[in-house]
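Please look first at the ligand and its surroundings, and then at a pair of helices that pack against each other.

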Amino acid sequence: MYKKVHLDLTILCSGITAAIMLSMSLLYLYISETALNRNHFDSFKNDMNTILMNLENQSTISMEWLSKMEAQGNYTFYVLDNGIPYLYNILTDNSEKSILLEEAMKAYDEHYAIVPSEENPASSFLFSSHIEYTFTSATTGNDYYGCVIEIDKNSSTLQVIILSLLDSLEKQIYRQRVRFLIINIAAIILLTIFSWVFTGKLLNPILENQKKQAQFIASASHELRTPLAVILSSAESCIKASPDKQSSFLETIKQEGFRMSALIEDLLTLSSSDSRQFPIQIQSVELDTLLLNSCEAFESLAKKKSITISLNLPENTLPTCSCDPDRIRQVIFILLHNAISYTKEGGYIKLFVSYNKEQFYISVTDNGIGISDEDKKKIFDRFYRVEKSRSTKGHFGLGLSIAYEIIKLHGGIIGIKDAPGGGSIFYINLPSRQL
Ligand code: ADP
């Protein structure tokens with residue numbers, strides 16, 4: 001399931017990014033190829049202008065000049081004097097060249113030649129003109145630039161046809177396309193790797209949460225099974241027992257029932273905090289009164305173990321604290337209950353509260369068994385108990401995790417440190433926000 005979601009997310013993530021990247025680079029490729037074609041054609045036109053100027057300045061066209069120009073610009077020249085091939089072409093002529101010339105002239109005649117008309121008779125050619133165009137040779141399949149220059153000289157018309165094979169431009173475009181393909185393939189591979197790692201990291205907390213949920217359910221079922229087993233066996237024994245012994249079994253059933261109900265209450269609190277439906281009602285609360293009442297509530301329990309509980313209040317009156325009084329009382333009860341549970345007979349528990357501009361500080365100190373540094377890290381985890389055997393009945397390892405969630409919802413901090421001389425100090429920092 002996780003792997004499938006991971007794979008789906010990777011494909012989605014890299015697919016969308018790759019599609020955007022490909023379309024953008026295709027657009028770039030199109031723009032750059034158009035510019036390349038235009039530049040190439042413009043430079044061909046410039047060359048033709050230069051050649052035209054040269055031709056106009058020459059009284060006769062020398063063969064030496066023609067072959068020099070051909071070699072320089074990778075051009076093929078044809079010169080027709082009044083429609084008759086010039087000597088240069090006769091000397092260098094071969095059948096391939098003549099076919100190419102025919103094709104070039106055909107393309108020129110079809111699309112670009114100035115058709116003689118009444119207003120524009122053939123004799124009224126400009127002194128000199130030149131037309132550049134592109135065409136594809138039907139025999140070789142190659143693309144060419146062509147230019148036809150017409151010069152009126154000494155009552156004869158000189159036609160110079162210049163052809164340029166576009167193979168270097170096409171090679172350049174081909175190389176650019178290959179580079180584009182390689183870069184895009186590499187980018188897609190990198191994107192896929194990145195998406196795999198990124199989505200994996202994104203899914204990790206969900207996976208962790210899923211594991212925690214499963215662990216939570218397993219631990220909860222385990223904890224519920226014990227009182228349930230006691231209830232079932234007591235009920236069975238109760239049915240078989242004589243009437244005078246039945247009451248002790250019923251008492252056990254009642255006690256285990258209470259235990260189960262307390263556990264279910266804790267589970268509900270934690271699950272509602274997980275689903276963010278944990279209601280806290282912020283009010284103006286007099287913390288000193290709340291702490292005093294909490295101490296009084298635990299006095300009789302502490303007395304049973306000969307433990308003294310004291311409350312240390314600051315000299316100045318405490319301002320009211322913006323918090324949920326019921327939830328904060330619940331946290332203090334958890335801390336006091338734990339302190340009594342894990343402190344030996346004759347010990348003491350001290351409650352302390354102070355205030356500065358930013359926060360309230362509350363601490364519960366005991367001189368009990370204390371908690372090792374290793375356990376301090378896990379103490380707020382759900383169902384964590386330092387030593388399962390050391391804990392008394394009714395302790396499920398959920399109290400501190402509930403306290404943690406409540407303080408977190410108030411935007412505060414709960415922590416633990418060693419008490420000087422042994423024992424533990426649980427402290428709470430509550431922000432002193434105004435209502
Ligand atoms: P429990 O319901 O088991 O007390 P808590 O989450 O409240 O669960 O506490 C987790 C564990 O932390 C306890 O099982 C106990 O081992 C340890 N603990 C909590 N408070 C104290 C304390 N004041 N002194 C020593 N150990 C404590």
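**The ligand shell and a helix pair**

The shell around the ligand is made up of eleven nonpolar residues, seven polar ones and two that are charged, as they appear in this predicted model. Of the 20 residues that surround the ligand, those that come nearest are N338, D366, H395, G397 and L400.

Several polar pairs can be followed from the ligand into the protein. A nitrogen atom of the ligand lies 2.9 Å from an N or O atom in the side chain of D366, while an oxygen atom of the ligand is found 2.8 Å from a polar backbone atom of L400. The backbone also takes part at F396, where a polar atom is 3.4 Å from an oxygen atom of the ligand. Taken alone, the ligand would expose 530 Å², and the protein buries 98% of that area. The elements that contribute two or more residues to this shell are α8 (325-341), α10 (399-409) and β12 (424-431).

Helix α10 also leads to the second part of the picture. Two packed helices are described by the angle between their axes and by the distance between those axes. For helix α6 (residues 243-274) and α10, the angle is about 35° and the axes are 10 Å apart, and α6 passes α10 in a left-handed crossing. On the α6 side the contact is made by D266, T269, L270 and S273, which meet S401, I402 and E405 of α10. Sorted by character, the residues of this contact between α6 and α10 comprise two nonpolar, three polar and two charged.

Technical notes:
Residues are numbered from 1 along each chain as its sequence is written. This is a predicted model: local features need pLDDT of at least 70, side-chain atom pairs count only at pLDDT 80 or more; totals for chains, interfaces and linings use all residues. Side-chain values use heavy atoms; hydrogens and water are left out. A residue is near a molecule or strand if one of its heavy atoms lies within 4 Å of it. A polar contact is a pair of N or O atoms within 3.5 Å; within protein, one must be able to donate a hydrogen and the other to accept it, and residues adjacent in sequence count only if both atoms are side-chain atoms. Accessible areas come from the Shrake-Rupley method with a 1.4 Å probe; for residues, only the protein chains shown count as cover. Helices (H or I, at least four residues) and strands (E, at least two) are DSSP runs, numbered from the N terminus. Ala, Val, Leu, Ile, Met, Phe, Trp, Tyr, Cys and Pro count as nonpolar, Asp, Glu, Lys and Arg as charged, and the others, Gly among them, as polar. Axes are lines fitted to C-alpha atoms, for helices over the stretch in contact, and angles run from 0 to 180 degrees between N-to-C directions. A crossing is left-handed if the near helix is turned anticlockwise from the far one by less than a right angle, and right-handed if clockwise. Contact means heavy atoms within 4.5 Å.
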